[in-house]
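Biologist: Hi! I'd like a quick walk through this model before I go back to the bench. Can you take my questions as they come?

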Amino acid sequence: MDGKPRPKGRTTVTRPTEPSSTIFLILRRMRAPLIVLIVIFAISVLGLTLMPGQDPEGRPTRMGFFDAFYFMSYTATTIGYGEIPHSFTGAQRLWVIASIYLSVVGWAYAIGSLLTLVRDRAFREALALRRFTRQVVHMREPFLLIVGYGQTGQLLGHALDSLGRRLVVLDDTPEHVDSLDIDAYYADVPGLVADGANPHMLGAAGLEHPQCEGVVALTNNDEVNLTVAMTAALIRPNLPVIARTVSPVIEHRMRAFGSPTVVNPFDRFGDHIRLALHQPSSFQLLAWLIKGEGATLPERGRPPTSGRWVVCGYGRFGHKLVDDLRADGLEVTVIDLSATEPGVIEGDASEPTVMAQAALSSAVGFVAGTHNDATNLSLVAAARKENPSLFIGARQNRPRNAPLFATMDVDWLLVPAETAAREIYAQLSTPLTWRFLQEMPARGDDWAAETITMLDAHCGSRLDGLWKVTLTEREAPALTAWLRSDRAPLGDLMRCPHDRDQRIAAVPLLLLRGDESTLGPSDDTLLRTGDQILFAGRRIARRDLLDTMTNHVVSEYVLYGRTVPAGWLWQQVTGRKPSTHR
Amino acid sequence: MSLEKVIFGFFVLLAATLNFGFFIGDISDPALHNEYELFAAVVVNLIATVLKFGDRTQIGAVHLATSLVADLQLIAATLAWVYATQISGAGMTGEATASVVSLSGGALLANLVSVALLVIETVSFNRR
């Protein structure tokens, strides 16, 4: 009877909450067994009161309702105290035999129905949905809604979880959701097996929850990702949405709704490959920073920029790769199982005759890009044998095959799931890093090489951390006066609190003022209140910087070289007060 | 016509009629109130209650509530009867009969509401 028209205005997708729906389901299913049980009891009790009996003196008597009910209760439940109040007559015993069998059937039916109900799929789904909805409703911290928890989703989930971010997961594959229970997570991650394309399920997963800070659509199905992006854009227009797709058409359709961030891992490869071909240092810096905390400086790859490449596998990935290589003016020979266009060598690349057609000995690069890891590995081995000096790229599809690819020591390892996960992680964890990575290639290869040298000199070849600093009164109270003075060069901020003639082990990568960004700001850049700076460096440098920003005594020394007593009393006695105060 | 509706209406009405049959007559005269009728009223009321399980509509909820009230009243009447016949030792005196019958009278009221709801539901039912 809820046919009332909903007032127009804000759309809601969450179903009308029915906290007792599971109870109703039980009651509805138990209707028949309960009625059978009641009827059996009624017949047995009634019959027992009607059967002629005898008292010990042999006078005819009948059992009362109370005694009959008492007797049936303990008989039907198989307790059995014997015949009361007097020994039964033949007629009564005959009736009791009948009622015992009847009641056994009744109980068996009732208990059987209850057990079936507990194991029933619909019932368990109703229970799971209820528990999940309750968990989501009680989220008190901002959380991300991840739809699709396959390889990419799990990589991203673990990375974000270790950052302390809360997640809610929706996936239609039970194994993926089960991985939430099996794998170790710091926080409790509510997960539900459900279709992400269903707006009700998105609603139950907290799309309308005030703490929901973003939606990430990572299913293997582009249509589902599109639906998720659309639903999120329609229900919560300002919510950030990140969606993965490998199809340009879907990407175009996604952008029609709101402004989702679309991640196309194959497409991104193309960008990376071009970067690697033209700006090896920029690519090296990108690969280093995108790997996140704890990454060591990767070696600078030297892909051949001229000569002929051989690419095996001409699916969506192969197409993209070949297009990008050809766009760079490289000659490409393609091998695929089915020749879809002229010039493609048809056949199984692992067959020697097919491989011979590709003339590997005169090629400079080789990419094994099929969607089968075993094939890719064998192709790499075969190609090496043919021409040991080849530059070799391989596509790794499954995370469990990582050790095999590592021992093959390929020059370029392309892992689509990882690329998508890293990229989304970079966007979600530190948006400034993302911005830096986007704008960095434009500065050229030499600039990137300089930055790498600087990072290496100041912080070593291991990336300890990337962090953002906001110079506001709240986050940097000890710098307020300094920032207002209009004489606040970045270089002063970078001085070490222990010895101000030294620098802290950190490098400023990006300065964001309003919407204007400066890459690699120099030491004499003047800072203003509200500036955001992205630093890369050691953990200790991060603590030093935090000290400078929050402690007036430290900032006094770092910025002006004045030593000021820390306590109020000594400040009064000596007359030296921090000028940064107020 | 659906069999489910027939059975439902049958039990709701039967619960009310049996209850009425037991209730009618001088309130303190045990001869006018048959214990078999009380037994039948309890059983039919329980069945009617179970039939109303799991209906999520508003009217279904009120149906269930009235039935639960009737059950409660009838079970209280039965307990009063058990007390009079088994525990007090005095048997069905006029007072005991009066308390049993008046409790069943309360159940009758609930059952009448149930019947009224049934009629309302039937009248407001339009073929969609």
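Modeller: Happy to, and one thing up front: this is a predicted model. A nice place to begin is the pair β16(A) and β17(A), which run antiparallel and are joined over 4 bridges.

Biologist: Which residue stands opposite L511(A) in β17(A)?

Modeller: That is T518(A).

Biologist: And how many residues sit between the strands in the hairpin of β16(A) and β17(A)?

Modeller: There are 2 residues between the strands, and G514(A) in this hairpin has a positive phi near 65°.

Biologist: What about the pairing of β16 with β18 of chain A?

Modeller: Those two strands, residues 506–513 and residues 532–537 of chain A, run antiparallel and are joined by 6 bridges. L511(A) faces I533(A) in β18(A), and L512(A) stands opposite Q532(A).

Biologist: What is the strand order in the open sheet they belong to?

Modeller: The order is β15-β18-β16-β17 in chain A, 4 strands with antiparallel pairing. At the edges are β15 (465–470) and β17 (516–519) of chain A, each of which pairs on one side only. On average, neighbouring strands of this sheet are turned by 20° against each other, direction ignored.

Biologist: Which helix packs on that sheet?

Modeller: Helix α18 of chain A, residues 431–439, touches β15, β16, β17 and β18 of chain A. The direction of α18 makes about 90° with that of β16(A).

Biologist: Is β16(A) enclosed or exposed, then?

Modeller: Largely enclosed by the rest of the structure, because 7 of the 8 residues of β16(A) are buried.

Biologist: Let's zoom out. How many helices and strands does chain A have?

Modeller: Chain A comes to 24 helices and 18 strands. The chain has 582 residues, and 37% of them are buried. If you take the contacts in chain A with a separation of 6 or more, 65% are between residues 24 or more positions apart.

Biologist: What about the parallel pairing? Where does β3 of chain A go?

Modeller: Strand β3 (residues 143–147) runs parallel to β6 (residues 212–217), both in chain A, with 5 bridges joining them. In that pair, L145(A) stands opposite V215(A).

Biologist: And how many bridges join β6(A) to β7 of chain A?

Modeller: There are 3 bridges, and the two strands run parallel, with β7 covering residues 241–244. Here V216(A) stands opposite I242(A) in β7(A). Between the two strands the chain passes through helix α9 of chain A, residues 222–235, making a right-handed β-α-β crossover.

Biologist: Tell me about the open sheet of 6 strands. What is the order there?

Modeller: In chain A the order reads β11-β10-β9-β12-β13-β14, with parallel pairing. The edge strands are β11 (344–346) and β14 (412–414) of chain A, each pairing on one side only. From one strand to the next, the twist averages 15°.

Biologist: How many bridges join β9 to β10 of chain A?

Modeller: Strands β9 (residues 308–312) and β10 (residues 331–336) of chain A are joined by 5 bridges and run parallel. One partnership to look for is C312(A) with I335(A) in β10(A).

Biologist: Which helices pack on this sheet?

Modeller: Helix α13 (residues 316–327) of chain A is one of them, touching β9, β10, β12 (365–368) and β13 (391–395) of chain A, and its direction makes about 165° with that of β10(A). Helix α15 (residues 373–386) of chain A also packs there, touching β9, β12 and β13 of chain A, at about 170° to the direction of β13(A).

Biologist: New topic: chain B. How many residues does each chain bring to the contact?

Modeller: Chain B brings 16 residues and chain A brings 13 residues. On the chain B side, α2 (35–51) and α3 (58–87) each supply at least two residues, and α2(B) has the largest share with 7 residues. By class, that side of chain B has 9 nonpolar, 5 polar and 2 charged residues.

Biologist: Where does UniProt place the "transmembrane region" feature in chain B?

Modeller: The unreviewed UniProt entry places it at residues 7–24, 36–54, 61–84 and 96–120 of chain B. In the model, residues 36–54 of chain B are 84% helix and 0% strand, with the end C-alpha atoms 30 Å apart. Residues 61–84 of chain B are 100% helix and 0% strand, and there the end C-alpha atoms lie 35 Å apart.

Biologist: Great, thanks for the tour!

Notes
Residues are numbered from 1 along each chain as its sequence is written. Chains are lettered from A and ligands numbered from 1 in the order in which they are written. This is a predicted model: local features need pLDDT of at least 70, side-chain atom pairs count only at pLDDT 80 or more; totals for chains, interfaces and linings use all residues. Two residues are in contact if their C-beta atoms, placed from the backbone, lie within 7 Å. Ala, Val, Leu, Ile, Met, Phe, Trp, Tyr, Cys and Pro count as nonpolar, Asp, Glu, Lys and Arg as charged, and the others, Gly among them, as polar. UniProt positions are given in the numbering used here, feature names are shortened, and annotations may be inferred rather than shown by experiment. Two strands pair if DSSP finds at least two bridges between them. Axes are lines fitted to C-alpha atoms, for helices over the stretch in contact, and angles run from 0 to 180 degrees between N-to-C directions. A residue is buried if 20 or more other C-beta atoms lie within 10 Å of its own, exposed if 12 or fewer, and partly exposed in between; C-beta atoms are placed from the backbone. A crossover is right-handed if, with the strands pointing away from the viewer, the path from the first strand over the helix to the second runs clockwise.
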